[in-house]
Amino acid sequence: METMELDKTVQELQARVDKLESKNSKLTMVLFSGDFDKVMAAFIIANGALAMGKEVTMFVTFWGLDAIKKPTMGTAGKNFLEKMVTMMRPKGPAKLPTSKMNFGGIGPKLFHYMMGKKNVESLSSLIDMSREFGLRIVACQMSMDVMGIKAEDLIDGVEFGGVAVFLSESYGSNTTLFV
Amino acid sequence: MAAQKLDFKGMSCPMPIMKTAIAVKKAASGDVFEVVCDDAGFEPDVTAWCKETGNILTNVSKSGKDITAVITKK
């Protein structure tokens, strides 16, 4: 009888240790910003973690959605305000403004040039690479609804969810970053 | 077995680590890699990557700008 109880306790402890250890292999990120420089930082970190064999989930919300829009995103089927927001926001990683020194769009061109000279990988290819490595992207359904962004406006393969999805992932990881 | 040579010269963060990870992932346990990179951040980065992934950093040497890391897959 006692041995059975001991076995049970050992099993329970083993399950708890497994749960704790699994946290070490996970990174959860919130991508709130749609600024080129910040999105760049987010995807460099995501790629680094993936290269270390971690599972990475990126919850993409509000301005961050600009980074995962298809460049071909159109205004069909949207109401007046949604059309306006769609037209005023950049579509896709190549069009994002910088958080500093944007200079009405000249800044990003300057940075793209300078980064190219230093052989820094482009944001688009960092995004592609992270997805090949298994990055899980969850787009915030609420922000999408507010701005009239439809599932087909975003790059293929993203999931959709709300705050509970983010929190549940975050509680299961030992690192969470908000960018 | 001879070390597999990887040349990541000219690449910037995070590419050398990404490319290292891809190559090491495909290999068998005990396989040895000799990675050359001229990004100044490569030495601390490859050290941290090995520490985190459990692969063994056998040696790091410098020659001019080139940093050579010898990694044994765990």
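How do strand β1 (residues 26–31) and β2 of chain A pair, in the parallel or the antiparallel sense, and over how many bridges? In this predicted model, the two strands run in the parallel sense, and six bridges join them. The register can be read off from individual partners: A:Lys26 sits opposite A:Glu55 of β2(A), and further along A:Val30 has A:Phe59 of β2(A) as its bridge partner. The link between the two strands goes through a helix, since β1(A), helix α2 (residues 36–51) and β2(A) of chain A together make a β-α-β unit of the right-handed kind.

On its other pairing, β2(A) meets strand β3 (residues 136–140) of chain A, again in the parallel sense, this time over four bridges. A:Phe59 turns up here too, standing opposite A:Val138 in β3(A). So much for the partners; as for cover, β2(A), which spans residues 55–60, is mostly covered, with five of its six residues buried.

Zooming out, these strands belong to an open sheet of five strands in chain A, with the order β4-β3-β2-β1-β5 and parallel pairing. At the edges are β4 (159–161) and β5 (175–178) of chain A, each of which pairs on one side only. Neighbouring strands in the sheet are turned against each other by 25° on average, if direction is ignored. As general background, strands of a sheet pair through backbone hydrogen bonds, in either a parallel or an antiparallel way.

Next come the helices of chain A. Two packed helices are generally described by the angle between their axes and the distance between those axes. For α2(A) and helix α5 (residues 123–132) of chain A, the axes come within 9 Å and cross at roughly 30°, and the crossing is left-handed. On the α2(A) side the contact is made by A:Phe36, A:Val39, A:Met40, A:Phe43, A:Ile44, A:Ala46, A:Asn47 and A:Leu50, while α5(A) supplies A:Leu123, A:Leu126, A:Ile127, A:Met129 and A:Ser130. Sorted by class, that contact has 11 nonpolar residues, two polar ones and no charged ones.

One residue of this contact deserves a closer look. A:Met129, in helix α5 of chain A, has 20 other C-beta atoms within 10 Å and is therefore buried, the cut-off for that label being 20 or more. Its C-alpha atom is separated by 7.5 Å from that of A:Asn47, although the two residues are 82 apart along the chain. Leaving out residues up to four places away in sequence, A:Met129 touches A:Asn47 and also B:Met18, a residue of the other chain.

That brings in the interface. Here 12 residues of chain B are in contact with 11 residues of chain A. On the chain B side, the elements giving two or more residues are α1 (15–26) and α2 (42–53) of chain B, and α1(B) provides the largest share, four residues. By class, this side of chain B has eight nonpolar residues, three polar and one charged.

Elsewhere in chain B, strand β3 (residues 56–63) makes a contrast with the mostly covered β2(A). None of the eight residues of β3(B) is buried, so the strand lies largely in the open. β3(B) pairs with strand β4 (residues 66–72) of chain B in the antiparallel sense over seven bridges, and B:Asn59 has B:Val70 of β4(B) as its bridge partner. The two strands form a hairpin with two residues between them, and B:Gly64 in the turn has a positive phi of about 65°.

A few backbone oddities round off the picture. Most residues other than glycine have a negative phi, and most peptide bonds are trans. Against that background, the peptide bond from B:Cys13 to B:Pro14 is cis, with omega near 5°; B:Pro14 is in the loop between β1 (4–7) and α1 of chain B. In chain A, A:Phe62 is not a glycine, yet has a positive phi of about 45°. A:Phe62 belongs to the loop between β2 and α3 (80–88) of chain A and counts as partly exposed, with 17 C-beta neighbours inside 10 Å. A:Met101 also has a positive phi, near 55°. The loop between α3 and α4 (106–117) of chain A holds A:Met101, which is exposed because there are 12 other C-beta atoms within 10 Å, and a count of 12 or fewer earns that label.

How values were computed. Residues numbered from 1 in each chain as written. Chains lettered and ligands numbered in written order. Predicted model: local features only at pLDDT ≥ 70, side-chain atom pairs only at ≥ 80, totals over all residues. Pairing = 2+ DSSP bridges. Right-handed = clockwise from strand over helix to strand, strands pointing away. Contact = placed C-beta atoms within 7 Å. Nonpolar A, V, L, I, M, F, W, Y, C, P; charged D, E, K, R; others polar. Axes fitted to C-alpha atoms, helices over the stretch in contact; angles between N-to-C directions. Left-handed = near helix turned anticlockwise from the far one by under 90°.
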